[in-house]
Amino acid sequence: MTPTTDRTHRPTALPPLDLDRLPALTAALAARAPAHDRDASFPAEGVALVHEAGLLTATVATRHGGPGAGLADTARILRALGAGDPAVALVAAMTLFVHAAEARTPAWPATVYGDLLAESAAGPALVNVLRVEPELGSPIRGGLPATTARRDGGHWLLTGRKMYSTGAIGLSRMLVFARTEPGDGEPVRVGTFIVRADSPGLTVEPTWDHVGLRASRSDDVVLDSVPVPADDVIGLTEPGDTPGARPDPVTGAWNALALTALYLGVAGAARDWLTGFLHERVPTALGAPLATLPRFQSAVGEIETALIGADTLVDALAARVDAGDPQAVEQAGVAKVLGTRAAITAVDQALTLTGNHGLTHANPLQRHYRDVLCSRVHTPQDDSVLTAAGRAALARRCTSAASNPPPSKGN
């Protein structure tokens, strides 16, 4: 990539995006994934490989010297990374989403984003938005954050706790959703404060102990009067009825489709292990691989059909979102429900077919199953999508009935 100049006039040369490296990168991540899962250790070397391939900065806008990758390419990237190590994929996804949002709607202070790009040129610079809190849960369902920002001269002082902070120990920047403390007649406002990970008063507590995505290190972040320069804030506004935690529709579509692609990558890895196992497993009584039996061929066909359908749906909608299709944006949540259900069902079916072998720690299928179950926790969650889809369908029926009343009966 040719060195360019960002808005702060500092030269940047981001790693060139090399999508041809995805198959090799998937294999390299997969080789390390079992150890990181076993130890629940952060996969720093995997993140470094993703950076070297230009994937962490794939969505940086062309005006900043980046490739300007859209949602379709991002889904492709995360599917491949998810097949190798979904913890690496999820950490990378958070950074990709931040750069993509800035590419669509510039909101960062220019010098602060320039600093991030300069760091990204030199090595992995991970970013994540920290919103979830113990009392609040996910703010997408409403409510003010308990994390507060208090003015102190030329700084904000942030105090609070964030949980489920993916990749916390490896982050360079934390985008902390918080509310200001009222004072001198000033109203409460909410916004996203750009916090450097090495700031005084910031602590990462190792609380992450889930069965899946163990290496993502989605630990708690505790802020105790953490100083943030007064201008290092994104979108500081009065909260109104719904605070600024709810993403805009396009951002929501990116999250839904790209993360679904990630978990379809996990399911694809499970399918690949299953087909290898069925070729290698030769019961004495049969004298031939299990892959030769029609029962197993049909079962694998069920898995393959479901995954092809889900992959095709995600890719098609992602391309339409890139093209500016508002209907595709609206349908992204439904695609997440269908895609994640297909992914979970596929891995579950693989476990059913392999029995004890699939649940043995030495084989990756049990890890794929634990990891793919995590697809359920990401927003939009199934209940929200299904309720919205049901209301929309019912509303269409009411509108149709009102526009086309039945003919009156004559005497």
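**Figure 1. Arginine 367, a buried charged residue without a salt bridge.** In this predicted model, arginine 367 is part of helix H9, which covers residues 365-372. The arginine is buried, yet no salt bridge is formed. Aspartate 371 has the nearest side chain of opposite charge, at 4.6 Å. A salt bridge is counted only when a side-chain nitrogen of Lys or Arg is within 4 Å of a carboxyl oxygen of Asp or Glu, so a pair at a distance of 4.6 Å does not qualify. When residues up to four places away in sequence are not counted, arginine 367 touches Ala33, Pro34 and Asp37.

**Figure 2. Lysine 336 in helix H8.** Lysine 336 is buried and has no salt bridge. Which side chain of opposite charge is nearest to lysine 336? It is that of aspartate 382, 4.4 Å away. Aspartate 382 is also among the contacts of lysine 336 when neighbours within four places in sequence are left aside. The other residues in that list are Ala256, Thr260, Arg341, Ser375, His378, Thr379 and Pro380.

**Figure 3. A nonpolar surface patch that includes valine 334.** Leu313, Val334 and Leu338 together make a nonpolar patch of about 220 Å² on the surface. Valine 334 belongs to helix H8, residues 326-354. Its relative accessibility is 36%, so valine 334 counts as partly exposed. The limits for this class are 20% and 50%.

**Figure 4. Helix H7 and its buried residues.** Helix H7 consists of 29 residues, 294-322. At 1.5 Å a residue, the helix should span 42 Å, and this agrees with its end C-alpha atoms, which are 42 Å apart. Which residues of H7 are buried? They are Phe296, Val300, Ile303, Leu307, Ala310, Asp311, Val314, Leu317, Ala318 and Val321. These buried residues pack against three helices: H3 (71-84), H6 (249-280) and H8. Just after H7 comes glycine 324, with a positive phi of about 85°.

**Figure 5. Phenylalanine 42 in the loop between helices H1 and H2.** Helix H1 covers residues 22-39 and helix H2 covers residues 44-52. Is phenylalanine 42 buried or exposed? With 16% relative accessibility, phenylalanine 42 counts as buried, because buried means under 20%. Not counting residues up to four places away in sequence, phenylalanine 42 touches His36, Val47, Val91, Leu126, Gly167, Ile169, Gly170, Ala215 and Arg217. Alanine 30 is twelve residues away from phenylalanine 42 in sequence, and the two C-alpha atoms are 14 Å apart.

**Figure 6. Proline 134 in the loop between strands E3 and E4.** Strand E3 covers residues 126-130 and strand E4 covers residues 148-152. Proline 134 has 43% relative accessibility and therefore counts as partly exposed. Proline 134 touches Arg161 and Met163, with residues up to four places away in sequence not counted. Between the C-alpha atoms of proline 134 and alanine 89 there are 25 Å, and along the chain these residues are 45 residues apart.

**Figure 7. Alanine 121 in helix H5.** Helix H5 covers residues 110-122. Alanine 121 counts as partly exposed, at 27% relative accessibility. What does alanine 121 contact, leaving aside its neighbours within four places in sequence? The contacts are Ala13 and Leu14. Alanine 392 is 271 residues from alanine 121 in sequence, and their C-alpha atoms are 45 Å apart in space.

Conventions: Residues are numbered from 1 along each chain as its sequence is written. This is a predicted model: local features need pLDDT of at least 70, side-chain atom pairs count only at pLDDT 80 or more; totals for chains, interfaces and linings use all residues. Side-chain values use heavy atoms; hydrogens and water are left out. Patches are made of residues with over 30% relative accessible area and no salt bridge: like charges are joined within 9 Å, nonpolar side chains (Val, Leu, Ile, Met, Phe, Trp, Tyr) within 5 Å. Accessible areas come from the Shrake-Rupley method with a 1.4 Å probe; for residues, only the protein chains shown count as cover. Helices (H or I, at least four residues) and strands (E, at least two) are DSSP runs, numbered from the N terminus. Buried means under 20% relative accessible area, exposed over 50%, partly exposed in between (1.4 Å probe, protein chains only). Lys and Arg count as positive and Asp and Glu as negative; His and the chain ends are not counted. Contact means heavy atoms within 4.5 Å. The expected span of a helix is 1.5 Å times one less than its number of residues.
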